[in-house]
Amino acid sequence: MANLKSRLSDVIGDRTSKVLADAFAITTVGDLLRHYPRRYMVRGELSNIAELEQGDEVTILAEVDSSTHRPIRGRKGGILEVVVTDGRDKLSLTFFNQSWREKELKVGLQGLFAGKVGIFNGKKQLSHPDYQMVPDGADVDSAVDNFAGKFLPVYRATAKLPSWKISQCIQMAIASLDDVRDYLPEQIRIAHNFPTLQGALVQLHAPADLDHADLARERLTFDEAFLLQLMLVMRRNELRKLNTISRKTIKGGLLEAFDASLPFQLTGGQQDVISEIESDLAQPHPMHRLLQGEVGSGKTVVALRAMLAVVDSGGQAALLAPTEVLAAQHLRTFAKLLGPLALGGTLESGDKATQITLITRSQSALARKEALTLAASGGAGIIIGTHALLGEKVEFKDLGLIVVDEQHRFGVEQRDALKVKAQQPPHLLVMTATPIPRTVAMTVFGDLDVSTLRELPLGRQPITTHVISVLEKPAFLERAWERIREEVAYGHQAYVVAPRIESGSDESADMDFLFGLESADIAAVTELAPRLANGGLKGIRVAELHGRQSADVKDSTMRAFAAGEIDVLVSTTVIEVGVDVANATVMVIMDADRFGVSQLHQLRGRVGRGRSPGLCLLVTTAAADTPARARLAAVAATLDGFELSRIDLEQRREGDVLGANQSGTQSHLRLLRVLRDEEVIQAARADAVQIITESSDLATLPVLATEVALMARDAAIDYLDKG
Ligand code: ADP
Ligand code: MG
């Protein structure tokens, strides 16, 4: 007898095992049983032939209508053409030199046929399809297992192994199974009215009826969510058990001086999050917190306060930023907000003051050396950097807090690479660029506690967004430049964003947002900037900014823009995240349909940051009634980042939704869809928390513990592979 861990080749033949291993990496009985059906065909209900499209790999159920055999002129053998029907439409099956098949493909019999739909003489056909005939009444005894039931599962198959052969293998595997030990705790199984694991596997592959199949699928979907949540809850508990230095806020320190000099009142939301963070930092265990918030909700100042609290207690804080532009901006913002408090080690400074330093890949060797020294000696309390922070040579005296800004650009690996540079387990604050739906946070960042900033600072002006269709209303583009001229005349500034640096180039680092087809005339920064400077924006100070410029050029351009010495910045998405110039009021996004929904929301968050309302114009050549236009309309219709991120995620593949953080667990998630299965995930989370409260290391549930460990192991292996 076999169990789920048994080698498949012990149960079905070596040859078939090898095909399954090659095609689907299936090596054990359990792997095979987790090759779930995509759908079911009902015996007697023929497939709709009209729906088949050329090029599709199909498995259909149809009835043999006629068969003819004709010789090929001048050659031996002949062509067998069998026409099958669904009662309405017909499809021909052709076989060369296989006239003997006529005996199997008897008129009036039903069968499963699999192959690639081709067109010959204007008619749909399958050439040399695989097939299996449904036995007629007389043949019942010889009926193969998978025709025993009314519902025929359809599997992802290969040319070497059609769906029904996979079905046969699965039936053999199920027949060979000893009692399967169920890892789901009995109490949970019963509370949800779920079948046992064995029952679910049997019903999914050979359902008595579709209700049973649905229930089986529900249970197995729940299992995936439950195991993942257990892993995350356990990981979170493990992290909580670690000991570290508590970083209590102190009286009369840097933080207090900073608060006193802050030029604005913190929002209620900011205050709430700040007290959550302060109480976390005061614990002798490391904080692991996700701070998510609406674009422009003021996450940076919250993070800075946390960093100052750690500096006050004698430690250091590192801020990991996704781009050099953003890292440089953080340095400027912090220096401005802290004033003399950031001038530690100089004459102007008070005794509380600290230093801020920057570590990036493209800085000069001298600047780098200085920064490294400041980080290692503890002279700098705050170290801001890009990926360069993760470099081997970067050392800290006492790294107490890691802040990861705009987390969507980083994976767990990067966080961990920084963590190992700390003497004690550091506190961790992770910030997302745009808000994410609750269950996504729960799944992707389920080992973190979550704080959410929903409100924008008071007095923030709304952003109005319009779609400009160049095809339908070409004159409106001219109007866009006019709007920029008007704003500049008021003393305001503007962004023009283009998807490309130069025509024909692709800014490959940012290619993930390119949805549609390539077209030759996508707006490019280096062409648009001079064209505007000599045309629509003549007489206005226009500068360009893109990823191929040196860090110095980028930095000085950003500085000049922030200082109001440049009116219009023509840029790629290097300004996407975080860039903060309150005087900018208009953004024109060229070929806006090339960007994702959340990305557009993030981009337009660059305007309307000050006291004047923001205007965002989405320029597109996409035709009306296309999905691209629907996305743009959605962005124009709402300023709710949660809603937009949901729309955005719904268009992604599941793997992209999970992102770098959960890539290792993806192979365990076959049925679960993070957005669709919100309720399942919430229920699973609640159950996982409950179980862990009862048995923190699952000591009383060894079968479950093994299953969770397996998932954790794959997550870790994936991590090592990448590292
Ligand atoms: P995000 O959450 O998108 O990262 P930022 O942290 O860049 O947003 O904040 C956006 C702008 O709002 C910054 O200029 C910041 O100084 C300002 N800001 C933050 N908090 C407040 C507040 N409570 N009142 C007024 N302005 C604020
Ligand atoms: Mg930010």
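# Exercises on a ligand and its pocket

The second largest pocket of this predicted model holds about 1,200 Å³ of space, where a pocket is, on a 1 Å grid over the protein atoms alone, an open set of points at which a 1.4 Å probe fits, with protein on both sides within 12 Å along at least five of seven lines. Residues are numbered from 1 along each chain as its sequence is written, chains are lettered from A and ligands numbered from 1 in the order in which they are written. Local features need pLDDT of at least 70, side-chain atom pairs count only at pLDDT 80 or more, totals for chains, interfaces and linings use all residues, and side-chain values use heavy atoms, with hydrogens and water left out.

**Exercise 1.** Describe the lining of the second largest pocket.

*Solution.* Begin with the count: 39 residues line this pocket (each has an atom within 4 Å of a grid point), and Phe264, Arg460, Asp580, Ala582 and Arg609 lie nearest its centre. Next, look for the element that contributes most, which is helix 11, with seven residues; helices are DSSP runs (H or I) of at least four residues. Finally, sort the lining by class, which gives 15 nonpolar, 13 polar and 11 charged residues.

**Exercise 2.** Find where ligand 1 sits and which residues come nearest to the ligand.

*Solution.* Ligand 1 sits in the second largest pocket, since more than half of its atoms lie within 2 Å of the grid points. Of the 17 residues around the ligand (a heavy atom within 4 Å), Gln265, Gly296, Thr300, Arg460 and Asp580 come nearest. Helix 10, residues 299-312, supplies the largest share of this shell, three residues.

**Exercise 3.** List polar contacts of ligand 1, meaning pairs of N or O atoms within 3.5 Å.

*Solution.* Take the side chain of Asp580, in which an N or O atom is 2.5 Å from an oxygen atom of the ligand. Then turn to the backbone, where an N or O atom of Lys299 lies 2.9 Å from a ligand oxygen, and a polar atom of Ser297 is 3.4 Å from one.

Key: A polar contact is a pair of N or O atoms within 3.5 Å; within protein, one must be able to donate a hydrogen and the other to accept it, and residues adjacent in sequence count only if both atoms are side-chain atoms. Helices (H or I, at least four residues) and strands (E, at least two) are DSSP runs, numbered from the N terminus. Grid points are joined across faces, edges and corners, and a volume is the space filled by probe spheres set on the points. Ala, Val, Leu, Ile, Met, Phe, Trp, Tyr, Cys and Pro count as nonpolar, Asp, Glu, Lys and Arg as charged, and the others, Gly among them, as polar.
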